[in-house]
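Me: I would like to learn how to read a few features of a protein model, one step at a time. Could we look at it together?

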Amino acid sequence: MLPLVGPSKFDRIDTMKTVPYYKYATTLFDVVRRSMPYQMPKTLTNDELYALSAYILSLNKIIGENDVMDAKTLPQVKMPNRDNFIIWAPDKI
Amino acid sequence: MLLGRGIMFAGAMGTGAAGSLTGAAAEPLKDDPWSLEMGSVVPAYQVPSRFEKDVVRTRSNPNNEFRNSHARTPHHLLQGTVTPNGLFFSISHSGLPDIDPAQHKLVIHGLVKQPLVYTVESLSRYPMVTRMHFLECSGNGAQMFSNEPVQATAQALHGLCSNAEWTGVLLSTLLEETGIDPKAKWLFGEGADSLSLHRSVPVKKALDDAMIALYQNGERIQPGNGYPMRLLLPGYQGNMNIKHVRRIKLIDQPAMSFYEAKTYSQILPDGKMWLFHFTMEVKSFITQPSFGHSLKEPGYYEISGIAYSGNGRISKVLVSADGGKSWAQAALQEPVLPKAFTRFRMPWRWDGQPAVLQSRAWDESGAVQPLRPEFVAARGQTSTPVTNPLGFPNQHYNSITSWGVDCIRVRRGHGRRRNAWPRQADQRG
């Protein structure tokens, strides 16, 4: 799979989209919950999912090493790239 | 020299009454070995002749490594508009699930009045529709974001799109049965594969022309295309057409799932990113002649290719043989169907000199396939040449494909022979 840790600047059209690209931290939790680990999907407990999300977010220095992630705190994480998205065609929605 | 539409064949050739297109004189027939013995028995499920063994999909992961895999349609070896099921492109992010159709269930729930469960068997009792539609990976052709031309076949560049006749039940029929809570603005589709591949789709699209497809070109959908049922969203990014669909949950806002928030979102040159770029926009490319073909001699050839648009029907295709300096209108093969492949054709007399073949399409919404300079101005290009012909430097490439036909070459070992190989021409414009 692709690297999970990377810079939070996306200034080239072919920049690798690592975790800091995501608009919301919940995207990370959701994809790990549904799809990961790749070889054994859907095997982690909710506690493990939050712990793993926290670990990956802290590796990217988006949260502190001792910050606790749970159903309340994870959605409140402000991702570095959050304000850079444009909806392509609002009339399609 | 492009010969325009509806021109008489003999006139196009200019060879006179005794001439033919290829110059081969009629010879008396002889009895070949296969004419002198009984043939093989007809098989239960027929496959192409052994002489067609090279007409196959190319695979990105032939050694079954632990990652995704793609198989691309050999457009340069096909004709017409229907992609045979065995050659229909396929992308799998985690391998093909081996689904027992008797146990597969589709649940529609969330913001509905009455959640319901459907099976292959129960869906077979609902009113069905049959429609011709293309599917295209939104990364199809993305190598062409390269700042230098990529030397690759139409299969490598454009093989992640295909066209089939789909039969199934309109999603609107099922949603009529479950009822929709007015708060529902999106639906969340999820597949039965190991990744539970998932996307958010506007309810607006679901009520327009979305289908739960069960059949592909008359037979059950192929495993690589979503067996036993898939969500079909005509004209929208391939990835949104959830394969092996098992869940449709109606929700009030998009889930911001991995595939919409990351993989199928595009970085723009100004540092902004597009979300929810659903429509596969108007596009065309020439398949004959194209990279890998050789032209034996100057003379008559038919330029032919594929055009399609996620907005609706193709309205016009122009073809150029001089790199876009002059254009002529190609004939469109009827029927021209919305959100489906349209075959275009143009007679061409090659004078043996270098030529650059291009096509450009328009659709009924008025959208036009962008020329390379305007596309690059809006969407950017890479800063270094793309060296991996299977890479995805960005998404949603729909600009022009140029095939350069080289001048006459000398081929070793055969004396002086006239041969030309279409290659991808410089596109920097």
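Me: In this predicted model, are the two faces of strand 9 of chain B covered or open?

Reply: A residue counts as buried when its relative accessible area is under 20%. In strand 9 of chain B both faces are covered, since His198(B), Ser200(B) and Pro202(B) on one side are buried, as are Arg199(B) and Val201(B) on the other.

Me: Which strand pairs with strand 9 of chain B, and in what sense?

Reply: Strand 8 of chain B, residues 186–191, pairs with strand 9 of chain B in the antiparallel sense over five bridges, and one of the bridge partners is His198(B), which is matched with Glu190(B). The two strands form a hairpin with six residues between them, and in the turn Ser196(B) has a positive phi of about 50°.

Me: How should I read a pair of aromatic rings?

Reply: Such a pair is described by the distance of the centres and the angle of the planes. Over all chains the structure holds 21 aromatic pairs; among them, Phe276(B) and Phe278(B) form a tilted pair, with 5.7 Å centre to centre and 35° between the planes. Phe276(B) counts as buried because its relative accessibility is 4%, and Phe278(B) counts as buried because its value is 0%. Another pair, Phe285(B) and Tyr308(B), is edge-to-face, at 6.5 Å centre to centre and 80° between the planes; this pair joins strand 16 to strand 17 of chain B, its residues being 23 apart.

Me: Where does a charge sit over the ring of Trp362(B)?

Reply: The charged end of Lys316(B) sits over that ring, 4.2 Å from its centre.

Key:
Residues are numbered from 1 along each chain as its sequence is written. Chains are lettered from A and ligands numbered from 1 in the order in which they are written. This is a predicted model: local features need pLDDT of at least 70, side-chain atom pairs count only at pLDDT 80 or more; totals for chains, interfaces and linings use all residues. Side-chain values use heavy atoms; hydrogens and water are left out. Buried means under 20% relative accessible area, exposed over 50%, partly exposed in between (1.4 Å probe, protein chains only). Helices (H or I, at least four residues) and strands (E, at least two) are DSSP runs, numbered from the N terminus. Two strands pair if DSSP finds at least two bridges between them. Rings of Phe, Tyr and Trp (its six-membered ring) pair if their centres lie within 6.5 Å; planes under 30 degrees apart count as stacked, over 60 as edge-to-face and the rest as tilted. A charge sits over a ring if NZ of Lys or CZ of Arg is within 6 Å of the ring centre and within 35 degrees of the ring normal.
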